[in-house]
Amino acid sequence: MTEDTNGLLSAGTVDELRERGCTVITGGGHTIAVFAKDETFAAVDNRCPHMGFPLDRGTVKNGILTCHWHHARFDLASGGTFDPFADDVRSFPVTVIDNTVYVDPNPPERDPVERWSKRLNEGMEDNIRLVIAKSVLGLNSSPADYRTPLTIGAIFGTTYSNDGWGPALSMLTSTANFLHLLQPDDRPLALYQGLRQVATECAGQPPRFIVEPLPTGETRPEVFKQWFRDFIEVRDTDGAERVLRTTIDLDLPQREIHDIIFAAATDRIYIDAGHVVDFCNKAFELLDHIGWEHAAQVLTSLVRGMATARRSEELNSWRNPIDLVSLVWEARNALPKLWEQSASVRGTWTDHDNLPETILGDDPYITIASINEAIRNGATAEQLGGKVAYAAFLRMARFHTSNEFGDWDTVHNTLTAANALHQALDRAPSIELLRAVYDTAMSIYLDRFLNMPPQRIPGPSSNGTTDSLPRELLNAMNSQQQVEQSAKLVTDFVANASEPDDIMPTLAHAMLREDSSFHHFQIVDAAIKQYQHRKPNPSARHSLVAMARFLAAHYPTPRSVNQTYNIAVRLQRGDEIFSEA
Ligand code: FES
């Protein structure tokens, strides 16, 4: 029988333990396997850190304990593992007093933030999902806030990818953006999904080495801006990265650096189908979370993507049957003068409602003319970005399901690019960045056939009962192709609930329980931003309708991504996973 002596647990006499080889004791909230090892004794948590198999059923040979389920091996004395897919098993101090073996079940613990941060890095290096999940859960239970795992993921993702910023880092940043809106149990799950995606994207890639800043006496932002744009124009990654690194090292104002990056990102028309503007915007959002001190690490990771991006000038769809490239360049070239001429009325534009419908129309000349008319009438850069983003969300809200399934992504790309442009214009508007309003409006024009016929956007029912709607929404997304039903449920909730924002945790939960990808995280993030921007205008709900329709079109999935995470949750809770299996 286990006895409690001054907080120590008895594991029996020395002779008894030597004869049995191993015994299991409980106390202090632990089940502990105590082994006789050569002339000494060792005690470890009896649950294998991998998936909970009882370690007293393992084998000890030459001081190495082998678990019999997946054969993870541990140094019995320290608990350290030889197999990174498992984890170090917790060990407990053992002492012998008067021929009795005692175990201390509550030794001082290592700082949990330090421990789980280190483990998260290791899990990402080896791309081991269980270790990533356990680390995120460990940090979630520690004094650390979400920025600790987020920063680890950001540094890892921008270091161990020679290609630089990619979809996974955008997905992780989207997670951080809407994390505060999630149900508490969904927060570590969302971080896990973002971090595992970063680890997967980096797996097998060579690391990226950041160039040193120039040893220059040059400090003028306009000079760096011209250099950076010139290097991006000729696709010179090294030159552009060194210029950018120098501006950060010189501690130029953040707004100047934003301006330098977005000017180069928009010097060519709609590069990489809007992904470059989207990635640049996401990088600045990430820095809003983790701090500007990481700017050199994060922002330089954008350069390769900017320099190598495909330019829409090269695409037939932008040249024929209408030469949209020439049309956009004509508008871009006239913009500085138009902007200057309308400076005195800036901020007085009132004819807001017609522009999105015009952008959704089938005449690109009228679209460009209407944008120019809005500028002439005092529209701000942020207002123009907001109207273009709203039009892009309407395109999604009206996307007809008779289209090719893959065309959901066509509309999605434009939508996320439009949202990114709006966010960037809101953060630091510039005449160069404003040019992208024309580009993005043309991308919306190019997607026009996906609204033929247009799906009708549902109106709200007068029935004011909303309590059951979140559950009904989750049920609807549990069946295939409940696109219109999901749109209707969201509409009714947002129109009738006393707290319309309460639908957002449900929408995010619907995404997190599935095998969701970069695109799903992007649209949830973008839709929430656009909804918050437009509310309390009733049209704000259209962005959530668009999001719900996109999610419902893609769900349910096999839901395999969360299996590993759920094991980690059960291990942390102390569930007997093996006996249930
Ligand atoms: S190796 Fe022990 S449970 Fe898998």
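**Reading helices and burial in a predicted model**

Modeller: Start with one polar contact: the side chain of arginine 435 reaches the backbone oxygen of glutamate 432 at 2.8 Å. This is a predicted model, where local features need pLDDT of at least 70, side-chain atom pairs count only at pLDDT 80 or more, and totals for chains, interfaces and linings use all residues. Residues are numbered from 1 along each chain as its sequence is written, and side-chain values use heavy atoms, with hydrogens and water left out.

Colleague: What counts as a polar contact?

Modeller: A pair of N or O atoms within 3.5 Å; within protein, one must be able to donate a hydrogen and the other to accept it, and residues adjacent in sequence count only if both atoms are side-chain atoms.

Colleague: Is arginine 435 buried or exposed?

Modeller: Buried means under 20% relative accessible area, exposed over 50%, partly exposed in between (1.4 Å probe, protein chains only). Arginine 435 has 11%, so it is buried.

Colleague: Which residues is arginine 435 in contact with, leaving aside neighbours within four places in sequence?

Modeller: Contact means heavy atoms within 4.5 Å. The list is Arg229, Ala263, Thr266, Asp267, Arg332 and Leu335.

Colleague: How many residues of H5 are buried?

Modeller: Helices are DSSP runs (H or I, at least four residues), numbered from the N terminus. In H5, 11 of the 12 residues are buried, so this helix is largely enclosed by the rest of the structure. The cover includes helices H4 (147-159), H6 (186-202) and H10 (275-290), among others.

Colleague: Where does threonine 367 lie?

Modeller: In helix H15, residues 364-376. Threonine 367 is buried, because its relative accessible area is 1%.

Note on methods
Helix = DSSP H or I, 4+ residues; strand = E, 2+ residues; numbered from the N terminus.
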